[in-house]
Amino acid sequence: MRIDILTLFPEMFHNVLGESIMKIAGEKELVNFNLHNIRDFSNDKHRCVDDKPYGGGAGMVMKPEPVFNAVEAVEAQDDVESTKILLTPQGETLNQEIADDLSKKARLMIICGHYEGFDERIRSGIDVREISIGDYVLTGGEIPAMVVIDSVVRLVPGVLGGDSSLQDESFVNKHLEYPQYTRPAEFRGMKVPEILTSGHHTKIEEWRTKEAITRTQERRPDLLEDKTK
Ligand code: ADE
């Protein structure tokens, strides 16, 4: 998978892409990360990327030209057509299903907005999928972009060691994950449930399924609702 990230703050990504699983995905060449500074695509002599909103009001708005220029120039860098994602609180809320869908694409182009917002023509004139990471407003799209990238890259085949770990985790199969324990068997008087140290695999599976359902009923009953009704 190729991921192009268009941002005014490429440095923000260096640590996140250079550590842990993202780093391994890059090193194994399963994902090819490319950072692009939108400012480099401004035709303005001051490399200006924002301006006052028409009609007045607070804050600055991201100009369309540098973003269109960046998208077109970066798209042309590879024959594979990209799925373009615009991070905005107005988009569809990221969930496991969206991450799963994006993980199957050959190329993603992720566009991060900043300032008070972006010129509406960026939304309407570029074929973008708008994604939000939740109902709150951040100062820019960079942290949301990192969230999207992390949720997607870990699903790319080969990035995580054993794919069975993906099967059990929260939200896959529409429920939360069962409680997990590791050594010691007793810590400050708190014991690991006996069943987990019994070595009885069928019983352990039954226990885990029951715990996962109970936990989901208690914490996120909405996940168990039949959405087709
Ligand atoms: N930009 C600012 N806030 C955001 C959010 N919640 N999700 C995606 N992009 C954003």
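1. Let's start with a pairing you can find by clicking on two side chains. R154 and E169 form a salt bridge, and their closest N and O atoms sit 2.7 Å apart. R154 is in the loop between helix 6 and helix 7 (164-168), while E169 is in the loop between helix 7 and strand 9 (186-187), so this pair ties together parts that are 15 residues apart in sequence. Are the two partners buried or exposed? R154 counts as partly exposed, at 22% relative accessibility, whereas E169 is buried, at 12%. Keep in mind as you read on that this is a predicted model.

2. Now step back to the whole chain. The domain assignment splits the protein into domain 1 (2-153) and domain 2 (169-227). How far apart are the centres of domain 1 and domain 2? Taken over C-alpha atoms, the separation is 37 Å. Look again at the salt bridge from point 1 with those bounds in mind: E169 is one of its two partners, and residue 169 is where domain 2 begins in the assignment.

3. There are other salt bridges to look at. How many salt bridges does a search of the whole structure find? The search turns up 16. If you wonder what is behind such pairs, side chains of opposite charge can pair when their charged atoms come close. One example is R121 with D119, where the N to O distance is 2.6 Å. In that pair R121 is partly exposed, with a relative accessible area of 48%, but D119 counts as buried, at 14%.

4. Here's a pair inside a helix. The side chains of E205 and R208 meet in a salt bridge, with 4.0 Å from N to O. Both residues belong to helix 8 (residues 201-219), and because they are 3 residues apart there, about one helical turn separates them. E205 counts as partly exposed, at 44% relative accessibility.

5. Some charged residues have company beyond a single partner. Which residues are linked in a network of salt bridges? They are R2, D4, D78 and R107. Try picking out these four together in the viewer, and notice how their numbers are spread along the chain.

6. K105 is a good place to see how sequence and space can disagree. K105 sits in the loop between helix 4 (96-103) and strand 6 (107-112). Along the chain K105 and M1 are 104 residues apart, yet their C-alpha atoms are separated by 7.0 Å. Which residues does K105 contact once its neighbours within four places in sequence are left aside? The answer is M1 and T83. As for the surface, K105 counts as partly exposed, with 29% relative accessibility.

7. What about the cysteines? A search of the whole structure finds 0 disulfides. C48 is in no disulfide, and the nearest cysteine sulfur, which belongs to C112, is 19 Å away. Seen from the other side, C112 is in no disulfide either, with the sulfur of C48 as its nearest, again at 19 Å. Their surroundings can be read from accessibility: C48 counts as partly exposed at 25%, and C112 is buried at 0%.

8. Turn next to a nonpolar patch on the surface. The patch is formed by F9, M12, Y136, L138, I143 and V147, which together have about 510 Å² of accessible area. Where is V147 placed? V147 is in helix 6 (residues 142-153). V147 is partly exposed, with a relative accessible area of 35%, and it can join the patch on that count because patch members need over 30%.

9. Last, a few backbone details worth a click. The peptide bond from R183 to P184 is cis, with omega near 5°, and P184 lies in the loop between helix 7 and strand 9. Two residues have a positive phi although they are not glycines: E29, at about 60°, and R47, at about 55°. E29 is in the loop between helix 2 (20-27) and strand 2 (32-37), and R47 is in the loop between strand 2 and strand 3 (50-51). E29 is exposed, with a relative accessible area of 71%, while R47 counts as partly exposed at 37%.

Key: Residues numbered from 1 in each chain as written. Predicted model: local features only at pLDDT ≥ 70, side-chain atom pairs only at ≥ 80, totals over all residues. Heavy atoms only, no water. Patch = residues over 30% accessible without salt bridge, like charges linked within 9 Å, V, L, I, M, F, W, Y side chains within 5 Å. Areas by Shrake-Rupley, 256 points an atom, 1.4 Å probe, with all protein chains shown as cover. Helix = DSSP H or I, 4+ residues; strand = E, 2+ residues; numbered from the N terminus. Buried < 20%, exposed > 50% of the residue type's maximum accessible area, 1.4 Å probe, protein only. Domains from an automatic or database assignment. Disulfide = S-S within 2.5 Å. Contact = heavy atoms within 4.5 Å.
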